[in-house]
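Please take a moment with the sequence and the structure shown below before reading on. This report is meant for a reader who meets them here without earlier acquaintance.

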Amino acid sequence: ITLAYQPYDEARRLGLLADTEQQLRKINPGVGVLVVDRVQPQGPADGLLQPGDIVLKAGTEKNKMRWVHGYDVFDALLDDQVNKPIYLTIERYGKSQQIELRVSDLHAITPDSYISFGEAVVHNLSYQQARHLNQPVAGIYVAQPGYVLSAAGVPAGAVIVEINNQAVQNLN
């Protein structure tokens, strides 16, 4: 997910309840809350979170949730829970919900090798590029088409998701 820090007035338009806002203002030194801006297709939050969800609390256990009043609290939780579940309390359209979400390992979806052939260079699609293209983190990214791929009409920045009618997820 991509989060955005939104002021309280914008959060109210998204459905932040007045009671919740009062509680947040007592403990929050800032002027707003974290709101889901984007959800990566086929990522761990796909189908659970949606743009506009207001992140209120987070924790490792349902009964030990802490208010989230900024990126620092949320980032620390994510760093400690890689490949483990976390629990979030969100408000969506004025209704509170609790969800369980598995934290992905960013390093596992960051390319660390490439293949070069016929002056072409390809590597696994990175999370950052997938986010930019708004597609799942799957496929082979064409960093440089070289002679081989240029001759086939494949430009730089293309994502190869199929070869000979077979789906490909990564270089392997």
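The sections that follow describe strands, loops, a charge over a ring, and pockets and a cavity.

## The model and an open sheet

The structure is a predicted model, and every value in this report should be read with that in mind. One part of it is an open sheet of four strands in the order E7-E8-E9-E10, with antiparallel pairing. Its edge strands are E7, which covers residues 114–117, and E10, and each of these pairs on one side only.

Inside this sheet, strand E8 (residues 120–124) and strand E9 (residues 140–144) run antiparallel and are joined by four bridges, while E9 is joined to E10 (residues 159–160), also antiparallel, by two bridges. Tyr141 takes part in both pairings, since the bridge partner of His123 in E9 is Tyr141, and Tyr141 in turn stands opposite Val159 in E10.

## Val122 in strand E8

Is Val122, a residue of strand E8, buried or exposed? Val122 counts as buried because its relative accessibility is 4%, and the cut-off for that class is under 20%. Val122 can also be placed relative to a residue further along the chain: Pro145 is 23 residues away in sequence, yet the two C-alpha atoms are 8.0 Å apart in space.

## The hairpin of E5 and E6

Strands E5 (residues 85–92) and E6 (residues 95–102) run antiparallel and are joined by eight bridges. Arg92 of this pair stands opposite Lys95 in E6. The two strands form a hairpin with two residues between them, and in this hairpin Tyr93 takes a positive phi near 55 degrees.

## Two residues with positive phi

Most residues other than glycine have a negative phi. Against that background, Tyr93 deserves a second look, for its phi is positive, about 55 degrees, although Tyr93 is not a glycine. Tyr93 lies in the loop between E5 and E6, and with a relative accessible area of 64% Tyr93 is exposed.

Asn134 is another such case, with a positive phi of about 55 degrees although it is not a glycine. Asn134 belongs to the loop between helix H4, which covers 127–133, and strand E9. How exposed is Asn134? Its relative accessible area of 48% makes Asn134 partly exposed, because that class lies between the limits of 20% and 50%.

## Rings and a charge

A search of the whole structure for aromatic pairs finds zero of them. A ring does take part in a contact with a charge, however: the charged end of Lys57 sits over the ring of Trp67, at 4.6 Å from the centre of that ring.

## Pockets

The largest pocket has a volume of about 770 Å³. It is lined by 29 residues, and those closest to its centre are Ile1, Leu78, Val103, Ser104 and Tyr127. The elements that give two or more residues to this lining are strand E1 (2–7), helix H3 (71–80) and E6, and H3 gives the most, with five residues. By class, the lining of the largest pocket divides into 19 nonpolar, six polar and four charged residues.

The second largest pocket has a volume of about 200 Å³. Its lining consists of 13 residues, of which Ala108, Ile109, Asn124, Leu125 and Asn170 lie nearest its centre. What classes of residue make up the lining of the second largest pocket? There are six nonpolar, six polar and one charged residues in it.

## The enclosed space

Rolling a probe the size of a water molecule over the atoms shows where empty space is left. For cavities of 30 Å³ or more, a search of the whole structure finds one, and the largest cavity has a volume of about 30 Å³.

The residues that line the largest cavity are Ile1, Thr2, Arg38, Val39, Gln40, Tyr127, Arg131 and Asn134. Sorted by class, they are three nonpolar, three polar and two charged residues. Some of these names have come up before in this report: Ile1 and Tyr127 are among the residues closest to the centre of the largest pocket, and Asn134 is the loop residue that takes a positive phi of about 55 degrees.

Key
Residues are numbered from 1 along each chain as its sequence is written. This is a predicted model: local features need pLDDT of at least 70, side-chain atom pairs count only at pLDDT 80 or more; totals for chains, interfaces and linings use all residues. Side-chain values use heavy atoms; hydrogens and water are left out. Two strands pair if DSSP finds at least two bridges between them. Rings of Phe, Tyr and Trp (its six-membered ring) pair if their centres lie within 6.5 Å; planes under 30 degrees apart count as stacked, over 60 as edge-to-face and the rest as tilted. A charge sits over a ring if NZ of Lys or CZ of Arg is within 6 Å of the ring centre and within 35 degrees of the ring normal. On a 1 Å grid over the protein atoms alone, a cavity is a set of points where a 1.4 Å probe fits but cannot get out, and a pocket is an open set with protein on both sides within 12 Å along at least five of seven lines; lining residues have an atom within 4 Å of a point. Grid points are joined across faces, edges and corners, and a volume is the space filled by probe spheres set on the points. Ala, Val, Leu, Ile, Met, Phe, Trp, Tyr, Cys and Pro count as nonpolar, Asp, Glu, Lys and Arg as charged, and the others, Gly among them, as polar. Buried means under 20% relative accessible area, exposed over 50%, partly exposed in between (1.4 Å probe, protein chains only).
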